[in-house]
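Here are some short exercises to work through with the model open beside you. Try each task before reading its solution.

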Amino acid sequence: QPQMVESGGGLVQDGGSLRLSCIVSGLSFTNYRMGWYRQAPGKGRESVAFISGSGAITDYSESVKDRFTISRDNWKNTLYLQMNSLKPEDSAMYYCNLDPPGNSWGRGTQVTVSS
């Protein structure tokens with residue numbers, strides 16, 4: 001079972017930036033397409049961004065395109081999400097997982113954007 005440990009969340013003002021990290025263990029990281037997901041209170045889990053195993057191909061949801069950047073360091077088994085121009089509607093618990101997601105989820109990292 002892969003394990004994911006997310007970090008980097010926090011409280012920022014509208015327009016601010018954060019960089020999330022996710023350390024992945026228990027699998028050959030380079031072989032897997034990975035993604036960031038988020039879930040706000042009372043809402044379902046939403047896909048945010050995805051990246052191929054090599055890092056050459058990325059994809060984003062329309063709501064974060066041009067503001068968020070997904071990247072990975074395969075030497076460090078780490079996935080990143082650089083979030084710029086944050087909006088209150090970006091407030092959620094953020095998780096990383098495979099794409100498509102497996103059954104094992106980390107604890108996530110909370111992002112709160114104040115208006």
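**Exercise 1: Two rings and their surroundings**

In this predicted model, phenylalanine 50 has a relative accessibility of 12%, so it counts as buried.

Task: Decide whether tyrosine 37 is buried or exposed, and then work out how its ring meets that of phenylalanine 50.

Solution: Start with accessibility. The value for tyrosine 37 is 4%, and buried means under 20%, so tyrosine 37 is buried. Next, turn to the geometry. The two ring centres lie 5.7 Å apart and the planes of tyrosine 37 and phenylalanine 50 meet at 75 degrees; planes over 60 degrees apart count as edge-to-face, so that is the label for this pair. Finally, place the rings in the chain: tyrosine 37 belongs to strand 4 (residues 34-39) and phenylalanine 50 to strand 5 (residues 46-51), 13 residues apart.

**Exercise 2: Adding an arginine**

Task: Find which rings arginine 45 lies over.

Solution: First look at tyrosine 95, where the charged end of arginine 45 sits over the ring, 4.7 Å from its centre. Then check tryptophan 105: arginine 45 lies over its face, 3.8 Å from the ring centre. To complete the picture, Tyr95 and Trp105 share one aromatic cluster with Tyr37 and Phe50.

**Exercise 3: Tracing a sheet**

Task: Starting at glutamate 6, follow the bridge partners across the strands.

Solution: Glutamate 6 has cysteine 22 in strand 3 as its bridge partner. From cysteine 22, step on to leucine 79 in strand 8. This path fits the open sheet of 4 strands, whose order is 1-3-8-7 with antiparallel pairing.

Definitions and conventions
Residues are numbered from 1 along each chain as its sequence is written. This is a predicted model: local features need pLDDT of at least 70, side-chain atom pairs count only at pLDDT 80 or more; totals for chains, interfaces and linings use all residues. Side-chain values use heavy atoms; hydrogens and water are left out. Two strands pair if DSSP finds at least two bridges between them. Helices (H or I, at least four residues) and strands (E, at least two) are DSSP runs, numbered from the N terminus. Rings of Phe, Tyr and Trp (its six-membered ring) pair if their centres lie within 6.5 Å; planes under 30 degrees apart count as stacked, over 60 as edge-to-face and the rest as tilted. Buried means under 20% relative accessible area, exposed over 50%, partly exposed in between (1.4 Å probe, protein chains only). A charge sits over a ring if NZ of Lys or CZ of Arg is within 6 Å of the ring centre and within 35 degrees of the ring normal.
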